Number of protein chains: 4
Amino acid sequence: MVHEPNNWGRFGPEDQRGTLNLLTGPHVLAALSHAVTGEVLSLGMPIRRGRPRLPGRPEPQHYMSIDGADFAAGTRPVGAGLRMADDTLIVSPHGTTTHLDALCHMWSGDELYNGHPAAQVHSYGARRCGIEHVGGVVTRGVFFDVPAYLGLDHLPADFRISATLLTEMAEHPGAGAGGAELAGGPGGTESHAAAGGAGEAAGPEGAVSGGVEAGPPTTRGAAVAVGPGDAVVIRTGWPQVWDRSPDAYSRDGQPGLAADAARWLTERDVAVVACDNAAIGGLNPQGLADEPLEDDLHLILLHRHGIHLAELLWLEDLAATGRTEFVFVLAPLRLVGGTASPINPLAIL
Amino acid sequence: MVHEPNNWGRFGPEDQRGTLNLLTGPHVLAALSHAVTGEVLSLGMPIRRGRPRLPGRPEPQHYMSIDGADFAAGTRPVGAGLRMADDTLIVSPHGTTTHLDALCHMWSGDELYNGHPAAQVHSYGARRCGIEHVGGVVTRGVFFDVPAYLGLDHLPADFRISATLLTEMAEHPGAGAGGAELAGGPGGTESHAAAGGAGEAAGPEGAVSGGVEAGPPTTRGAAVAVGPGDAVVIRTGWPQVWDRSPDAYSRDGQPGLAADAARWLTERDVAVVACDNAAIGGLNPQGLADEPLEDDLHLILLHRHGIHLAELLWLEDLAATGRTEFVFVLAPLRLVGGTASPINPLAIL
Amino acid sequence: MVHEPNNWGRFGPEDQRGTLNLLTGPHVLAALSHAVTGEVLSLGMPIRRGRPRLPGRPEPQHYMSIDGADFAAGTRPVGAGLRMADDTLIVSPHGTTTHLDALCHMWSGDELYNGHPAAQVHSYGARRCGIEHVGGVVTRGVFFDVPAYLGLDHLPADFRISATLLTEMAEHPGAGAGGAELAGGPGGTESHAAAGGAGEAAGPEGAVSGGVEAGPPTTRGAAVAVGPGDAVVIRTGWPQVWDRSPDAYSRDGQPGLAADAARWLTERDVAVVACDNAAIGGLNPQGLADEPLEDDLHLILLHRHGIHLAELLWLEDLAATGRTEFVFVLAPLRLVGGTASPINPLAIL
Amino acid sequence: MVHEPNNWGRFGPEDQRGTLNLLTGPHVLAALSHAVTGEVLSLGMPIRRGRPRLPGRPEPQHYMSIDGADFAAGTRPVGAGLRMADDTLIVSPHGTTTHLDALCHMWSGDELYNGHPAAQVHSYGARRCGIEHVGGVVTRGVFFDVPAYLGLDHLPADFRISATLLTEMAEHPGAGAGGAELAGGPGGTESHAAAGGAGEAAGPEGAVSGGVEAGPPTTRGAAVAVGPGDAVVIRTGWPQVWDRSPDAYSRDGQPGLAADAARWLTERDVAVVACDNAAIGGLNPQGLADEPLEDDLHLILLHRHGIHLAELLWLEDLAATGRTEFVFVLAPLRLVGGTASPINPLAIL
């Protein structure tokens, strides 16, 4: 049993869906009202060679078992003239691909979320809390475009998004400071301090602090009040670093949420946290989380509260729309016993 | 160039999305209005050992690279106590898994849909008409529950769903005949005749014809008018046969659409055709389509008209709801150059 | 600890190679003297679609990641004109491919061969008794062509090769009875009785018993004395059944060794037992072994005595040579922690 | 048709085995006479995470589908108590694993070795010159331990082994210069010049030139006369660099054979060239060969002469024996249509 605040037992002793239980029919209908233009945006990274991934993780492999080149080279069509292409995908979603973590993905001790025995996660797959329990997710998406709020292209590697910053972004969407945080505002926390240091290190990308101070307040990146069942989508902008240099993507670590931000999200009873970094929390240059066990982001959100986590999203296009509310849709594969599913999250704008 | 009726050029010479182009923002907003209860239903088959697939196709493989049993057996946790499960999926979607065909999946001659050169589909993936062009699909779903309309558990293997039957179901949703078709109604076509024969062969499952004649008219399974951009979801009930006997699933072939039903769908300008059989069209006991090349279901729908095809859906739960209209959502993986994506189609009821 | 006769501790408490330890340098040099013509024969089945495998086992998958058809269809060569083909193999050796079992493949209780803790075989691979401990095997091969000895094309599905039959074949290589065993000779055992029944069931393949009685004594299939470190290669002929009918290959079970034959082999201190069936022992129509646990073939040979087992060999070509002694060579992949390796066993004749 | 010196047509118009045809029975028997101690040495690298491979190549993946940890965690045994471990290997041999290239692996123009049409190498595998044509290889192995001959731990990245150096090593096995080559002896060639530069760059590893001059002549690393059908095994020592630093393994390129060395080998009619580098020839820091097309090592050896190439061997243990002649054995998997096979080459000493 966990002792920290948690949702164990809240949805019944057999529950394997966590806060997805909040997505009742009426909730879903209300969420649909956030569609304004009807544009449908993919928030998944393209799956192909050379996309962001953590070092040491196996890159997705895609093989054609029959293709057009074969026919061009003389392979006979099927029957009277039918030609076809067929393929195979090998994918290890964690750390390589936009994916949704199942509630069986991480734990401490011997129990998964809700007290399910971890030993039931074995070579035949997870017999508890597998990804097949998700079904479909349709809810309101609330977007926190943190670098836009701070007037940055992307967060520095050692930036940790604090609860204070989320509060500020949610409560004062019209007063976004365009990076004033980095210059050391009154809301400064340890996380912000870290960001300050990073800002200095980010010199080659331009004089971050100076440009920020000069910038006018902006609403870009500002979100709205977060509530039960929401999917909170948080942008760090970190995938841009890969496009500049795959080495740099991992060398200095990755920005992410601070532990207090995770607690802030659990207090608001969200259903999904989705981020464009690899691990929701930040990573140090060794590729590890710096938080002590009780503050581990996955343990706070996924293990204790049954909040599903989506990672490695592509949020650059969403950022360009300026939208902070939309319909958020996930349709993870019904992979029985899966610890995750590759996904293509949708935003209906 | 194809000479039969087609959509080549209609959406521009470079188009790779076919009738998905009809899903404009206003179309999507209108589609969302079909959500009534807000319940979200998965229409994907569970992915695991022992689910329906075509003979000779490689079953999806799912491997755990670290799991709870390892920790139970003594593997040391990561860092201060973190434990995790990780896995890998190998999947060849066609014929094995609920999936969406890309427009590069089938063709005749040397050109894909819209005249794209088929030779561009090579070992590195499809450089034209790959599944990544789909993005997300949000549209109205219209459900044709054919066996329910005919008063059957599932269609017989040699049943071919005719245009006449679709018309009847769409135009007279209140007058469903509960299987009168099988007894040889006035709308009889070659396809229906085939069904008659199958009805006799289906003896062990109960006296199909007799039971049907006695049944009262019913609206179960009856659909509504089909229009541009719709996702037409067609149930044959065939997956039930697998659950009785995997051998029987393929031995006698599979029920499916007749060629004139495909033309009926192209005339109504649908965006997606989704079915619970393996190939949209029917299969004979040899596992092949009986249609001549010009009537091939994939060529009519996908190749000539750019209509995306989803196969191997699980529609038993949807059938139980009695709903014929709903919001239909697809979020195929953004697999660059993919000939298909495994999917978990959603119905928002 | 096991209580039945075993080799645990014999080669030291840390041993992970079993009777392969008998293959000292002098033993290898002596073995090489059995090469007479220098012809090198492959005893591995071709790896491709449609070869013998047990039901439910995943067929090897082979994918080309670049090939000649791509270049024929216009893919640009590398550099100034270099073209290349590259590929990927997915293989689960047990039950699908000619392979060598590692000593970690089977056990009862909590200990592997030699008392190694079975819990050390986890998702990261076998930390004890993995296939990488084999290295290379060069020893004398001794061939028991049982169907040839009995005057049959292949053994019936329920035939179990008894110790008595092996003794007879080894001691009287010149007096082979050409199938008299099947007709119920004085050496009859329970295993032979089973074979008698099978002979009757095998009617459609020809009048086994009758033909056998008529046959003259023959030396075909007769082996020679078996000794320490030998690789005993045993032919059932069962792969022929697949070539006639893949369904028949598994429907009636498979012929194999009886438990007393396994004990006969352990008494002779062999290093390898190699067979062309799927499980060394026989299988019943349910695909299972009929022996009680203490008589399980894998437990007797592999678990208790550290004798490596090779399965699914292709022995038809070797049978055609009439040779009973040769140099037997195995070069399993050095797959660290592997439970098996696909192999291409060689006979140097 | 190729115009440079070649073996096309030499072994018949249908030949797909090249100089392996030289391995007649008498040749094999003669080769066996080179076994002296009977020790059997594996020349394959262990297959596991973190072994030498070229950048961008997919690392072998090894998954357990059932293992001891599962049983320790409560999975029920099979039947009365049988427990087992099973696994799956995904391997793309080129650039990742000790492997043998098939004759279909590389070519220029539209023809494979012996004029076979390259378009026959398509998604279903190579219909010409696939690895299944190799069978088993048993021949004399002749070892060129180049760094030992030169008094180095390993060759520098830009070292190219010249024909002159091979001649010297083969003709004067007793007069090995212990690295005098690097100091610029009379046999200097362009390749040696490159080595000279590398020697300077190799400063941190010790004063190469100086140490070499001081060293006494040695026979370590010296080979013997090379003849028809031999397997020539050439050590660069480059895998040691990986063990020091995986980054360094590829950053500066790799040492390898010069084009004139390849021609030297074709003149001696060898059957196999096996090396511990990744590409037989050297690689520049971009990971490419520097030779013009007519001098490409794979084209000279494999494409024009049908000489099989084995790469990424582990030769450190062989080097430690001081042996230059032995029995060399290859048993590549009979992967039909394969462009390569992972292998565990054996040296019978």
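In chain B of this predicted model, helix H4, which covers residues 163–171, and helix H9, which covers residues 259–267, have axes that come within 7 Å and cross at roughly 50 degrees. An angle under 35 degrees would count as roughly parallel and one from 65 to 115 as roughly perpendicular, and H4(B) and H9(B) are therefore described as oblique to each other. On the side of H4(B), the contact is made by B:Ala163, B:Leu166, B:Thr167 and B:Ala170, while H9(B) brings B:Asp260, B:Ala261 and B:Trp264 to it. Sorted by character, the residues of this contact divide into 5 nonpolar, 1 polar and 1 charged.

From this pair of helices inside one chain, we can turn to the way in which chain B meets chain C. Each of the two chains gives 18 residues to the contact, 18 from chain B and 18 from chain C. The area buried between chain B and chain C is about 1300 Å², and carbon and sulfur atoms give 44% of it. Within the share that chain B buries against chain C, B:Gln61, B:Ser123 and B:Tyr124 supply 30%, which is more than any other three residues supply.

How are these two chains placed with respect to each other? A rotation of 180 degrees, with 0.0 Å of shift along its axis, superposes chain B on chain C with an RMSD of 0.0 Å. Of the residues of chain B, B:Pro58 comes closest to this rotation axis, its C-alpha lying at 3.6 Å. Because 100% of the interface residues of chain B are also interface residues in chain C, the copies meet through the same surface.

Chain A and chain B can be read in a similar manner. Here too, a rotation of 180 degrees with 0.0 Å of shift along its axis superposes chain A on chain B, and the RMSD is 0.0 Å. The two copies are thus related as by a two-fold rotation axis. In chain A, the C-alpha nearest that axis belongs to A:Ile90, at 2.2 Å from it, and the same surface serves both copies, since 100% of the contact residues of chain A recur in chain B.

It remains to ask how much confidence the prediction carries. The model scores ipTM 0.89 and pTM 0.90, and in chain A the mean pLDDT is 89, with 86% of the residues reaching 70 or more. Residues 175–218 of chain A, however, have a pLDDT that stays under 50, and for this stretch the model has 50 contacts beyond four places in sequence. Where pLDDT is low, the predicted coordinates should not be read in detail.

Technical notes:
Residues are numbered from 1 along each chain as its sequence is written. Chains are lettered from A and ligands numbered from 1 in the order in which they are written. This is a predicted model: local features need pLDDT of at least 70, side-chain atom pairs count only at pLDDT 80 or more; totals for chains, interfaces and linings use all residues. Side-chain values use heavy atoms; hydrogens and water are left out. pLDDT is the predictor's confidence in each residue, from 0 to 100. Contact means heavy atoms within 4.5 Å. Copies are superposed by least squares on the C-alpha atoms of residues with pLDDT of at least 70 in both. Axes are lines fitted to C-alpha atoms, for helices over the stretch in contact, and angles run from 0 to 180 degrees between N-to-C directions. Helices (H or I, at least four residues) and strands (E, at least two) are DSSP runs, numbered from the N terminus. Angles under 35 degrees count as roughly parallel, over 145 as roughly antiparallel, 65 to 115 as roughly perpendicular and the rest as oblique. Ala, Val, Leu, Ile, Met, Phe, Trp, Tyr, Cys and Pro count as nonpolar, Asp, Glu, Lys and Arg as charged, and the others, Gly among them, as polar. Buried area is the accessible area (1.4 Å probe) that two parts lose on being put together, summed over both.
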